[in-house]
Amino acid sequence: MAKYLNPFTDIGFKRLFGQEFSKALLIDFLNNLLEGEKKIVGLLAGGTSGKSSVRRWH
């Protein structure tokens, strides 16, 4: 079994960014990807259906 988490896989990304305590890390990551665009200020978990429900922009 691997010792490290691969953030490029679906399960690795969800384990790294999909938990409540890592919400600030995910917001920072996404804002760095979207630099120069709108800024993300908050997130809501949407479940596992693959459909997003709410987006908040600043």
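Aromatic rings of Phe, Tyr and Trp are taken as paired if their centres lie within 6.5 Å. In this predicted model, Phe-13, Phe-17 and Phe-29 form one aromatic cluster. Under the pairing rule, the count comes to 3 aromatic pairs. Phe-17 and Phe-29 make a stacked pair. Their ring centres are 5.1 Å apart, and the planes meet at 20 degrees. That angle counts as stacked because it falls under 30 degrees. Phe-17 belongs to helix 1 (residues 10–17), whereas Phe-29 belongs to helix 2 (residues 23–33), so the pair ties together parts that are 12 residues apart in sequence.

The two stacked residues were also examined for accessibility. Phe-17 has a relative accessible area of 10% and is buried. Phe-29, with a relative accessible area of 32%, is partly exposed. The cut-off for burial is under 20%, and Phe-17 is therefore classed as buried at 10%.

The loop between helix 1 and helix 2 contains Ser-22. Ser-22 is likewise buried, at 5% relative accessibility. Its side chain reaches the backbone oxygen of Leu-16, at a distance of 3.2 Å. Once neighbours within four places in sequence are set aside, Ser-22 is in contact with Leu-16 and Phe-17. Phe-17 thus has a place both in the aromatic cluster and among the contacts of the loop residue Ser-22.

Leu-16 also has a partner in the segment before helix 1, where Leu-5 is placed. Leu-5 is partly exposed, with a relative accessible area of 46%. Leu-5 and Leu-16 stand 11 residues apart in sequence. Their C-alpha atoms are 8.0 Å apart in space. With neighbours within four places in sequence left aside, Leu-5 is in contact with Gly-12, Arg-15 and Leu-16. Leu-16 is accordingly listed among the contacts of Leu-5 and of Ser-22.

Confidence was then compared along the protein chain. The mean pLDDT of the chain is 79. A value of 70 or more is reached by 72% of its residues. Among the elements of the chain, helix 2 has the highest mean pLDDT, at 91. Helix 2 is the element that holds Phe-29. Strand 2 (residues 56–57) has the lowest mean pLDDT of these elements, at 53. Where pLDDT is low, predicted coordinates should not be read in detail.

Methods:
Residues numbered from 1 in each chain as written. Predicted model: local features only at pLDDT ≥ 70, side-chain atom pairs only at ≥ 80, totals over all residues. Heavy atoms only, no water. Phe/Tyr/Trp six-rings, centres within 6.5 Å; stacked < 30°, edge-to-face > 60°. Helix = DSSP H or I, 4+ residues; strand = E, 2+ residues; numbered from the N terminus. Buried < 20%, exposed > 50% of the residue type's maximum accessible area, 1.4 Å probe, protein only. Polar contact = N/O pair within 3.5 Å; in protein donor to acceptor, adjacent residues only side chain to side chain. Contact = heavy atoms within 4.5 Å. pLDDT = per-residue confidence, 0-100.
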